[in-house]
Amino acid sequence: MACTSCSTSDGGAPKGCKNNGTCGTDSCNKLTIFDWLSNMALPTGEAPFDCIEVRFKNGRKEFYRNVEKLTLSIGDIVATEASPGHDIGIVTLTGELVKIQMKKKGANHLSNEVPKVYRKASQKDIDIWSNARDKEEPMKVRARELAIAHKLEMKISDIEFQGDGSKATFYYTANDRIDFRLLIKDFAKEFSTRIEMKQVGFRQEAARLGGIGSCGRELCCSTWLTDFRSVNTSAARYQQLSLNPQKLAGQCGKLKCCLNYELDTYMDALQGFPDFDTKLMTEKGTAVCQKQDIFKGLMWFAYTDNYANWHLLKIEQVKEIMAENKLKNKVSSLEDYAVETVAEPEQHFNNAMGQESLTRFDQPKKKNKKKKRKPGEGVATGSDQPVRPNANLIQPKGTVNAPERQANPNQSRGNQPRGNQPRGTAEPGAAARSNDPSVPNAAGNRGPAESGANADRTRGGAEQGGAKPNNPNRNRNRNRPNNNRDRNEPKK
């Protein structure tokens, strides 16, 4: 809920009234009370309640009596009684709800000690008040420097000017009592105004300044919590929380107030539980409690000589063993009473909002494994016939292809130039390759001849032991077209 000045613009960005807690409509302030009696008319002859609630800086609220019978509503700026001079505040509540608030905070509306409302603030009063508010931040920086110069263990958390600018109230926190008489003299000399020092607790400081808690919401003390109850570490022990001061402490440095919210529920659930220090006597040894599940009524026990193995027991079983031990009888073992698993009821939730599953990212993403080509598998062609493997395509370099070459490794094309052979003759071992129609060539077709690239690969694979000879005619057939003409056929 926001005021009209803080509303969102047409472009989607918030405007921001920049009033820093002095919003006129009082709808974006801390500890705002909704007046649910505002639309109800008073009975005939009944006079409205003559007290109002006025808010000052950082949520400080006071009650004032409307002696002049002014027509006031929520959001009006009024000049109120102060000592000395007057103060400027904003009306936050009127009518019968003020009586309830005064009763809640222990203020007597019948007494004459309730201060008065002078008038509605004029423009001159508002200007003086705004100028005094602008001096607070630079004054706070200088005040902290003076406190450090006096070597005082105190922290000046906030400064609040009175509406007429005649007095400044310094709020500070300290662990012990502070002698600040010399400090006040320096403040009066430095700032030329009346000085008032007021010590507040750490929780009150956090409530005045505000902030965001570890839960992601605004601090309870600055939004709705008005009474600060004491919080002990026993509240964390009953709820089985880790006694880590960094996690249990709030922004004020004290234990979080929310530790008391669910404490009564845990205390009620623990009434039927045996003591956590209960020891069970068995024939296998003494067992001690290791863990409790308060709302399921379960306890885990382990033998003193074997803390690694835990045994799950229900509260009824633990009480049964305790009754036997009270009669000075030992049970055989915990295994006779242990529960293996506790069946939890299956929960079905209706997807009313049409949202996706919240656990859709919990499962690991499946990896798409590419199919690897097996050794000996040929290259796919456009024909419908199955492709037969070709050993020459996958045979590593340096191996012997034909048994004739293995018997006589020196007889190869690399050692014998092609120009010394007659054109019509066939090479030993090559005739067996080329004339056999069952052997496919490099293109995958059955024929007597091989392609030039495949012939060179086979020719290079027959060379063993040492470097290849520098044959100028070696790469001669690589650029020739792949024709399946028989080499033994005479040239026309």
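Which elements do the buried residues of α5 pack against? Keep that question in mind; we will answer it near the end of the tour. The model in your viewer is a predicted one.

**Stop 1: the whole chain**

Start with everything shown. The protein chain has 492 residues, and buried residues make up 33% of them. Its secondary structure comes to 14 helices and twelve strands. Now think about contacts between residues with a separation of 6 or more: in this chain, 57% of them join residues 24 or more positions apart.

**Stop 2: proline 48 and a partner**

Select proline 48, in the segment before β1. Proline 48 has a relative accessible area of 58%, and because buried would be under 20% and exposed is over 50%, it counts as exposed. Next, add glutamate 96 to your selection. These two residues are 48 positions apart in sequence, yet their C-alpha atoms are 7.5 Å apart in space.

**Stop 3: helix α1**

Glutamate 96 brings you to helix α1, which runs over residues 96-104. Colour Leu97, Val98, Gln101 and Met102, the buried residues of this helix. They cover an arc of only 140° around the axis, so they sit on the same side of α1. What covers them? Show β1 (51-55), β2 (61-65) and β4, which are among the elements covering the buried residues of α1. Just after the helix, click on glycine 106, where phi is positive, near 80°.

**Stop 4: two loops around β3**

Go to the loop between β2 and β3 and select lysine 69. Its phi is near 60°, a positive value in a residue that is not glycine. Is lysine 69 buried or exposed? Lysine 69 is exposed, with a relative accessibility of 65%.

Move on to the loop between β3 and β4, where you will find proline 84. Look at the peptide bond that leads from serine 83 to proline 84: this bond is cis, with omega near -10°.

**Stop 5: helix α2**

Select residues 123-134, the twelve residues of helix α2. Here is a small check you can do with the distance tool. At 1.5 Å a residue, the helix should span 16 Å, and its end C-alpha atoms are 17 Å apart, so the two values agree.

Now colour Asp125, Trp129, Ala132 and Arg133, which are buried in α2. Looking down the axis, you will see that the buried residues fall within an arc of 100°, so they line one face of the helix. Turn to the face that points away from this buried side, and you will meet the exposed residues Gln123, Lys124 and Asp134. The cover over the buried residues of α2 includes β3 (77-81), β4 (86-93), β5 (117-120), α3 and β6 (155-161).

**Stop 6: helix α3 and its two neighbours**

Keep α2 on screen and add helix α3. The axes of α2 and α3 come within 5 Å and cross at roughly 35°. At this contact, Ala132, Arg133 and Asp134 of α2 meet Glu136, Glu137 and Pro138 of α3. Sorted by class, the contact of α2 with α3 has four charged residues, two nonpolar ones and no polar ones.

Now hide α2 and show helix α4 (residues 181-191) beside α3 (residues 136-149). Their axes come within 11 Å and cross at roughly 145°, and the crossing is right-handed. On the α3 side, select Met139, Arg142, Ala143, Leu146 and Ala147; they meet Leu183, Asp186, Phe187, Glu190 and Phe191 in α4. This contact has seven nonpolar residues, three charged ones and no polar ones.

**Stop 7: lysine 151**

From α3, step into the loop between α3 and β6 to reach lysine 151. Phi of lysine 151 is near 60°, again a positive value in a residue other than glycine. Lysine 151 is exposed, at a relative accessible area of 73%.

**Stop 8: helix α5 and the opening question**

Finally, select helix α5 (residues 202-209) and colour its buried residues Arg203, Glu205, Ala206, Ala207 and Arg208. Here is the answer to our opening question: the buried residues of α5 pack against β6, β7 (167-173) and α6 (220-223). To finish, click on glycine 210, which follows α5 and has a positive phi near 75°.

Methods. Residues are numbered from 1 along each chain as its sequence is written. This is a predicted model: local features need pLDDT of at least 70, side-chain atom pairs count only at pLDDT 80 or more; totals for chains, interfaces and linings use all residues. Side-chain values use heavy atoms; hydrogens and water are left out. Axes are lines fitted to C-alpha atoms, for helices over the stretch in contact, and angles run from 0 to 180 degrees between N-to-C directions. Helices (H or I, at least four residues) and strands (E, at least two) are DSSP runs, numbered from the N terminus. A crossing is left-handed if the near helix is turned anticlockwise from the far one by less than a right angle, and right-handed if clockwise. Contact means heavy atoms within 4.5 Å. Ala, Val, Leu, Ile, Met, Phe, Trp, Tyr, Cys and Pro count as nonpolar, Asp, Glu, Lys and Arg as charged, and the others, Gly among them, as polar. The expected span of a helix is 1.5 Å times one less than its number of residues. Buried means under 20% relative accessible area, exposed over 50%, partly exposed in between (1.4 Å probe, protein chains only). The arc is that of the directions from the helix axis to the C-beta atoms.
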